[in-house]
Amino acid sequence: MDPRQMAAMAEATRLTRQGRLAEATALIQQTLAGPAVTQPAPDAPSAGEETGSTPGRDPDPPPALRAGEGTRLGRVPSGWVTRRRILPGRGARGLRWPGRAAAPAMTRPAGRFDAFSYTNAAGTRAYRLYVPAGYTGGPLPLVVMLHGGTQDAATFAAATGMNDLAERQAFLVAYPDQPPSANPGKYWNWFAPGHQRRDAGEPSLIAGITRQVTDRYRADATRVYVAGFSAGGAMAAVMAAVYPDLYAAAGVHSGLPYAAAGDVASAFEAMTQGPPRPGRPPARPLPLIVFHGDQDAIVAPANAAGLIDHVLAAASPDRRPGTPPAAVTRGQVPGGHAYTRTCYQDPAGAALAERWTIHQGGHAWSGGAPHGSYTDARGPDASAEFIRFFNEHPAVPPAR
C-alpha cells in the first residue's frame with residue numbers, strides 16, 4: 001500500500017466512525033480509482049513478445065471456434081510467454097518444496113490465448129481464454145480466473161503462470177475482464193448488493209462466460225472451478241455462494257467472504273478490519289482453498305478466517321463454524337517464506353477446505369512470476385496448489 005492509500009484509508013476510517021459515510025465513500029472511490037500498485041506491472045509487451053508467436057503465423061482455430069464462440073474480439077495470436085513453474089516434489093501432502101530457479105525461464109506454450117466477449121441483460125464483458133495445444137475436443141477441466149483491481153486478464157495470466165500449468169496439465173482457463181466503465185480501478189464490485197445475487201449484475205456475466213466456454217469447448221461440467229485474487233477473490237467467493245451448481249470448488253487468494261460488505265464504506269471496513277460478525281454463510285458449501293499473507297496491509301488476514309468459517313458453517317447441520325482443523329502442517333520455501341497449511345473436513349470426514357497462511361507475506365499472489373503484478377515469488381506456489389486442490393474435488397454428477 002502506497003503512502004497516498006494509507007493516508008486516504010486512515011481518513012476514511014475517521015469519517016466512517018463519525019457517521020460521515022457519504023464523505024468516506026467519496027474518498028474511497030477516489031482513492032480506488034487512482035493508481036495503486038505495490039509492484040510495477042509487467043511492461044506491455046509487443047505482440048510477438050506477448051504471444052511468443054511467429055510473425056505471420058495464424059493457425060486455424062479449433063473446431064469449437066469455427067462453430068462460433070460468442071463474440072470474438074480483435075484476434076490475438078496463439079501462445080503466451082510464461083515462466084517455468086516449480087511444482088512440489090510430493091504435492092502438498094509432503095509440504096516439501098524444491099528450490100526455485102534463480103531466474104524465470106521463458107517458455108512458449110503452443111496453446112491459444114484468444115480474446116472474446118459475452119453479453120447478456122447486465123451488459124458485456126470481454127474475456128481471454130487459454131486453450132492448451134493438446135485440446136482435441138474432449139472434455140477438459142475449466143478454471144475461471146478473476147483478476148484483482150488495477151489488473152486485467154493478460155497481466156493476471158502472466159502474474160500467476162496459470163496458462164503454463166494449463167498447457168502442461170491440460171485444462172482450459174478463462175479470464176473475465178472488468179472494464180474501467182464498470183469500476184474506475186477495474187475492481188469487481190463484490191461489495192454491492194446488486195452484484196451479490198444469482199442471475200444479476202456481474203455474477204450473471206461471469207456465469208455466462210463460464211457456461212459459454214463450457215458449452216462451446218465441451219468442458220467437463222463436473223470439473224469447472226472459479227478462483228481469484230483480491231477483489232477477484234472476493235468475487236470468486238460470491239460466485240461460489242450463488243452458483244454452487246456451476247462450480248465444483250473455489251480458490252480465493254487475498255480476498256474476502258461472500259456478503260462481507262453492502263457498500264463502499266462497509267467494504268473498506270471489511271478490507272481493513274475483517275468481515276463483520278456474524279457473517280452470512282452461503283446456503284451450500286463448495287470445497288475452498290484460501291491463500292493469504294499474514295502481513296497483508298490491504299485486505300486484512302482476518303478475512304481468510306472468515307472465508308473458512310463460512311464454508312464450515314454452511315457444511316454444519318447447525319450452520320456454526322466451530323469445526324476443528326483436521327491437520328496443521330508447516331513448511332518453508334528455501335530462501336523464501338514460511339507457511340502454515342490448515343485442512344478442514346466436513347461432518348462426514350471428507351476434505352472440505354484448506355487455509356494457507358504465508359508468514360511475512362503481503363498483498364501478493366504467492367509464488368507468482370518475479371516482478372509480476374501483485375506477486376511474491378518467495379511464497380509457495382498458489383497456482384499449483386489451487387490446481388492440485390481442484391483436481392481433488394470434482395463435483396458429484398447429478399443423479400439420472
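**Exercise 1. Decide whether arginine 388 is buried or exposed, then identify its salt-bridge partner and the wider network.**

Step 1. Arginine 388 has a relative accessibility of 12% and counts as buried, because the cut-off for buried is under 20% relative accessible area. The structure is a predicted model, and the exercises below concern that model.

Step 2. The side chain of arginine 388 forms a salt bridge with that of glutamate 354, with N to O at 2.8 Å. This pair links distant parts of the chain: arginine 388 belongs to helix H12 (residues 382-391) and glutamate 354 to strand S13, 34 residues apart.

Step 3. Glutamate 354 also meets the side chain of arginine 341 in a salt bridge, at 2.9 Å from N to O. Because arginine 341 lies in strand S12 (residues 338-345) and glutamate 354 in strand S13 (residues 351-358), the pair ties together parts that are 13 residues apart in sequence.

Step 4. Check the burial of these two partners. Arginine 341 is buried at a relative accessible area of 9%, and glutamate 354 is buried at 4%.

Step 5. Put the pairs together. A network of salt bridges links Arg341, Glu354, Glu385, Arg388 and Glu392.

**Exercise 2. State how many salt bridges a search of the whole structure finds, and describe the one between aspartate 114 and arginine 112.**

Step 1. The search of the whole structure gives 10 salt bridges.

Step 2. In one of them, the side chains of aspartate 114 and arginine 112 meet with N to O at 3.0 Å. This counts as a salt bridge because the cut-off is 4 Å. Side chains of opposite charge can pair when their charged atoms come close.

Step 3. Turn to accessibility. Aspartate 114 is buried, its relative accessible area being 3%. Arginine 112 is buried as well, with a value of 7%.

**Exercise 3. Work out which polar contacts the side chain of serine 383 makes.**

Step 1. Locate the residue. Serine 383 is part of helix H12 and is buried, with a relative accessible area of 0%.

Step 2. Look for a backbone partner. A polar atom of the serine 383 side chain lies 2.7 Å from the backbone oxygen of threonine 160.

Step 3. Look for a side-chain partner. The side chain of tryptophan 365 makes a polar contact with the side chain of serine 383 at 3.0 Å.

**Exercise 4. Find what lines the second largest cavity, and which helices each supply at least two residues of that lining.**

Step 1. Count the cavities. The structure holds 4 cavities of 30 Å³ or more, and the second largest has about 140 Å³ of space.

Step 2. Its lining consists of 15 residues, and Ala237, Ala240, Pro282, Leu288 and Val311 lie nearest its centre. By class, the lining has 13 nonpolar residues, 1 polar and 1 charged.

Step 3. Assign the lining to helices. At least two of its residues come from helix H9 (231-242), and at least two from helix H11 (302-315).

Step 4. Examine H11. The helix has 14 residues and reaches 20 Å from its first C-alpha to its last, close to the 20 Å expected at 1.5 Å a residue. H11 is mostly covered, with 10 of its 14 residues buried. Val311 is among the buried residues, as are Asn303, Leu307 and His310.

**Exercise 5. Describe helix H10 from its start to the residue just after it.**

Step 1. At the start of H10, a side-chain oxygen of aspartate 263 comes to within 3.3 Å of the backbone nitrogen of alanine 265.

Step 2. Within the helix (residues 264-273), the buried residues include Val264, Ala267, Phe268 and Met271. An α-helix has 3.6 residues a turn, so residues three or four places apart point the same way.

Step 3. Just after H10, glycine 274 has a positive phi of about 105 degrees.

**Exercise 6. Say where threonine 210 and arginine 198 lie, and whether each is buried or partly exposed.**

Step 1. Threonine 210 lies in helix H8 and counts as buried at 0% relative accessibility. Its side chain reaches the backbone oxygen of isoleucine 206 at 2.8 Å.

Step 2. Arginine 198 sits in the loop between strand S7 (172-176) and helix H8 (201-216). Arginine 198 is partly exposed, with a relative accessible area of 36%.

Step 3. Compare sequence with space. Arginine 198 and methionine 239 are 41 residues apart in sequence, and their C-alpha atoms are 8.2 Å apart.

Technical notes. Residues are numbered from 1 along each chain as its sequence is written. This is a predicted model: local features need pLDDT of at least 70, side-chain atom pairs count only at pLDDT 80 or more; totals for chains, interfaces and linings use all residues. Side-chain values use heavy atoms; hydrogens and water are left out. Buried means under 20% relative accessible area, exposed over 50%, partly exposed in between (1.4 Å probe, protein chains only). Helices (H or I, at least four residues) and strands (E, at least two) are DSSP runs, numbered from the N terminus. A polar contact is a pair of N or O atoms within 3.5 Å; within protein, one must be able to donate a hydrogen and the other to accept it, and residues adjacent in sequence count only if both atoms are side-chain atoms. On a 1 Å grid over the protein atoms alone, a cavity is a set of points where a 1.4 Å probe fits but cannot get out, and a pocket is an open set with protein on both sides within 12 Å along at least five of seven lines; lining residues have an atom within 4 Å of a point. Grid points are joined across faces, edges and corners, and a volume is the space filled by probe spheres set on the points. Ala, Val, Leu, Ile, Met, Phe, Trp, Tyr, Cys and Pro count as nonpolar, Asp, Glu, Lys and Arg as charged, and the others, Gly among them, as polar. The expected span of a helix is 1.5 Å times one less than its number of residues.
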